[in-house]
Amino acid sequence: MRRWLIWSLVAVVVVVAAGIGGVAVYRTVTYGDRYDAEHSAVTVSDGSVFTLVVRDRGASVGDYWTATVADPAIAEQVGSELVADSLSDRVFGAAPGGGAGERLITFKATAAGTTTITLSNCFQGCDNDRRKAASSAVSWSVTVER
C-alpha cells in the first residue's frame, strides 16, 4: 500500500512538471521573446517569432491597438491577443468588450534588415481632442539578423 502511494505521488509530480513544461514551450513557440515599451531596440533572428507588449485598458473603455510595420518585408504581424489582468477573465474569458490587461501583438521576422514597428492606440475612435489626448503610440526599432 505504501509503495502505491509513493508511485502515485511521483506520477502526480511528473504530470504537473510536464504540464508546466508544455505551457512554457507553447508560450515560446507562440509568442517568442516579449518586449515591452522599455525595450525599444529589438534584435531577433530571421524566421523567429517575437511579441511587442503594451498595456490595454480593454475594449469596454475604448482601447483599440493597431500595428504598423514600416518595412513589411522584414516583419509581419501574425497575431494579437489580450491577456487579462484578472484571474477570472483568464480562466473563463473576458466578457465581450471588457477585460484590461496586456495586449500582445506578435510578429514573425521574415527577412534581414531593420524596420520600425509602431503600435497605436486610437482611444474611443480618436474623434475629438479629449480622445486624441488619451490615445498613444509606442515604437520599436527592430533589427532582424540572419
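**Entry 1: the pairing of β5 and β6**

I looked up Ser-80 and found that its bridge partner in β6 is Ile-105. The two strands, β5 and β6, run antiparallel and are joined by nine bridges. I note the rule applied here: two strands pair if DSSP finds at least two bridges between them. The strands themselves (E, at least two residues) and the helices (H or I, at least four residues) are DSSP runs, numbered from the N terminus.

I record the basis of these entries at this point. This is a predicted model, in which local features need pLDDT of at least 70 and side-chain atom pairs count only at pLDDT 80 or more, while totals for chains, interfaces and linings use all residues. Residues are numbered from 1 along each chain as its sequence is written, and side-chain values use heavy atoms, with hydrogens and water left out.

**Entry 2: the sheet around β3**

I then followed β6 (residues 101-109) to its pairing with β3, which is antiparallel and extends over eight bridges. Within this pairing, Leu-52 stands opposite Ile-105 in β6. I also traced β3 to strand β1 (residues 33-35), and these two run parallel with three bridges between them. Asp-33 has Phe-50 as its bridge partner in β3.

In what order do the strands of this open sheet stand? The order of the four strands is β1-β3-β6-β5, with mixed pairing. β1 and β5 (75-84) are at the edges with a single partner strand each, so one side of each has no neighbour in the sheet. I noted an average twist of 25° from one strand to the next; for such angles, axes are lines fitted to C-alpha atoms, for helices over the stretch in contact, and the angles run from 0 to 180 degrees between N-to-C directions.

I checked the burial of β3 (residues 49-56) as well. Six of its eight residues are buried, so the strand is largely enclosed by the rest of the structure. Buried means under 20% relative accessible area, exposed over 50%, and partly exposed in between (1.4 Å probe, protein chains only).

**Entry 3: an aromatic pair**

I searched for aromatic pairs, and the count comes to one. The pair is Phe-50 with Phe-107, which is stacked, at 5.6 Å centre to centre and 20° between the planes. Because Phe-50 lies in strand β3 and Phe-107 in strand β6, the pair ties together parts that are 57 residues apart in sequence. The rule is that rings of Phe, Tyr and Trp (its six-membered ring) pair if their centres lie within 6.5 Å; planes under 30 degrees apart count as stacked, over 60 as edge-to-face and the rest as tilted.

Are these two rings' residues buried or exposed? Phe-50 counts as buried at 0% relative accessibility, and Phe-107 is buried with a relative accessible area of 0%.

**Entry 4: the largest nonpolar core**

I next examined the largest nonpolar core, which has 19 residues; Phe-50, Ile-117, Leu-119 and Trp-140 touch the most other members. At least two residues each come from β2 (41-45), β3, β4 (65-69), β6, β7 and β8 (136-145). β8 supplies the largest share, four residues. Such a core is a set of buried Ala, Val, Leu, Ile, Met, Phe, Trp, Tyr and Cys residues joined through side-chain atoms within 4.5 Å.

I listed the contacts (heavy atoms within 4.5 Å) of Ile-117. Not counting residues up to four places away in sequence, Ile-117 touches residues including Phe-50, Leu-52, Phe-107, Val-138 and Trp-140.

**Entry 5: β7 and its partners**

I found that β7 pairs with β4 in the antiparallel sense over five bridges, and with β8, also antiparallel, over nine bridges. Thr-118 is the bridge partner of Thr-68 in the first pairing. In the second, Thr-118 stands opposite Ser-139 in β8.

After β7 (113-121), I inspected the loop that leads to α3 (129-134), where Gln-124 is placed. Phi of Gln-124 is near 50°, a positive value in a residue other than glycine. Gln-124 counts as partly exposed, at 30% relative accessibility. Cys-126 is found in the loop between β7 and α3, and its phi is positive, about 55°, although Cys-126 is not a glycine.

**Entry 6: the whole protein**

I closed with the overall composition: the protein has three helices and eight strands. From the N terminus on, the elements run α-β-β-β-β-β-α-β-β-α-β. Of the 146 residues, 27% are buried.
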